[in-house]
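Open the structure in your viewer and keep the sequence panel at hand. We will go from stop to stop, and at each one you will hear what to select and what is there.

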Amino acid sequence: MISKAQQKKLVNTALKVLKNSYSPHSGFKVGSALLGKNGKVYAGTNVEFDAFSLTVCAERAALFNGISGGEKKFNAIAIAAGSDKFIYPCGLCRQALVEFNPEMEVILITKSKKVKHFILKDIIPNYFKLNRV
Ligand code: THU
């Protein structure tokens with residue numbers, strides 16, 4: 001379990017970065033903050049393009065940021081929705097994140113700061129894992 005102080009930092013970062021979302025097509029803002037094993041926090045927002053399929057979710061944007069920062073393991077992620085309903089990470093993001101720690105704590109936040117917690121592996125059973133030969 002991450003500490004209360006770490007939780008607070010993640011939640012605040014996800015809410016803060018939500019404002020930077022570039023979502024001219026859907027108008028739906030998402031902000032995310034990942035806690036690296038070394039204690040650093042990496043933020044990400046969704047980014048949308050005129051060529052729609054290039055869209056990147058906030059969770060993977062944060063993950064790319066963390067990997068670029070030299071991290072290999074993440075202990076928690078906060079995902080802030082630009083609406084009053086919780087949003088769960090999409091299937092692509094679940095797979096991307098689980099490869100870096102199935103035990104990752106996931107914290108969902110709504111715009112009005114309602115919070116929900118769970119463990120990543122519980123929402124992606126039997127995820128793909130490469131059997132290296
Ligand atoms: N989106 C995320 O950033 N994270 C999710 O978990 C689900 C969806 C984004 C992608 C797109 O920019 C917008 O939300 C609407 O689908």
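The tour below begins at the ligand and then visits a handful of residues elsewhere in the chain. Please keep in mind that this is a predicted model.

**Stop 1: the ligand and its surroundings**

Select the ligand, then add the residues around it: Ser26, Phe28, Val30, Asn46, Glu48, Thr55, Cys57, Ala58, Glu59, Tyr88, Pro89 and Cys90. What kinds of residues make up this shell? By class, there are 7 nonpolar, 3 polar and 2 charged residues.

Now show side chains and look for the oxygen atoms of the ligand. Start with Glu48, where a side-chain N or O atom is 2.5 Å from a ligand oxygen. Move on to Glu59, which has a polar side-chain atom 2.6 Å from an oxygen atom of the ligand. Then pick Asn46, whose side chain places a polar atom 2.9 Å from a ligand oxygen. If you switch on a surface here, you can see how the protein wraps the ligand: 78% of the 370 Å² of accessible area that the ligand has on its own is covered by the protein.

**Stop 2: Pro89, one of the shell residues**

Keep Pro89 selected, since it is among the residues around the ligand. You will find Pro89 in the loop between β3 and α3. Is Pro89 buried or exposed? Its relative accessibility is 2%, so Pro89 counts as buried. For a distance to try in the viewer, select Ile123 as well: the two residues are 34 apart along the chain, and their C-alpha atoms are separated by 9.3 Å.

**Stop 3: Ala80 in a strand**

Next, select Ala80, which sits in strand β3. With a relative accessible area of 0%, Ala80 is buried. Add Lys4 to the selection and draw a line between the C-alpha atoms of the pair; the line spans 17 Å, with the two positions 76 residues apart in sequence numbering.

**Stop 4: Glu71, a buried charge**

Select Glu71 in the loop between α2 (58-68) and β3 (74-81). What is the nearest side chain of opposite charge to Glu71? It is Lys40, 6.6 Å away, and Glu71 is buried without a salt bridge. The cut-off for a salt bridge is 4 Å between a side-chain nitrogen of Lys or Arg and a carboxyl oxygen of Asp or Glu.

Glu71 does have polar partners to look for. Show Asn38, whose side chain makes a polar contact of 2.7 Å with that of Glu71. Then show Tyr42, where the side-chain contact with Glu71 is 3.1 Å.

**Stop 5: the salt bridge**

How many salt bridges does a search of the whole structure find? The search finds 1. To see it, select Lys121 and Glu103, whose side chains meet at 2.8 Å, N to O. The pair links distant parts of the chain, 18 residues apart: Lys121 is in the segment after β5, while Glu103 is in the loop between α3 (91-98) and β4. Lys121 is partly exposed at 36% relative accessibility, and Glu103 is also partly exposed, at 45%.

**Stop 6: the segment after β5**

Stay in this segment and select Ile124, which is found there too. Ile124 counts as buried, with 12% relative accessibility. Add Arg94 for another pair: Ile124 and Arg94 are 30 residues apart in sequence, and their C-alpha atoms are 6.6 Å apart in space.

Now step along to Asn126, also placed in the segment after β5. Is Asn126 buried or exposed? At 79% relative accessibility, Asn126 counts as exposed. Have a look at the backbone here as well: Asn126 has a positive phi of about 55°, although it is not a glycine.

**Stop 7: Lys113, another positive phi**

For the last selection, go to Lys113 in the loop between β4 (105-109) and β5 (115-119). Lys113 is not a glycine, yet its phi is positive, at about 70°. Lys113 is exposed, with a relative accessible area of 59%.

Definitions and conventions
Residues numbered from 1 in each chain as written. Predicted model: local features only at pLDDT ≥ 70, side-chain atom pairs only at ≥ 80, totals over all residues. Heavy atoms only, no water. Helix = DSSP H or I, 4+ residues; strand = E, 2+ residues; numbered from the N terminus. Buried < 20%, exposed > 50% of the residue type's maximum accessible area, 1.4 Å probe, protein only. Near = heavy atom within 4 Å. Polar contact = N/O pair within 3.5 Å; in protein donor to acceptor, adjacent residues only side chain to side chain. Areas by Shrake-Rupley, 256 points an atom, 1.4 Å probe, with all protein chains shown as cover. Nonpolar A, V, L, I, M, F, W, Y, C, P; charged D, E, K, R; others polar. Lys, Arg positive; Asp, Glu negative; His and termini not counted.
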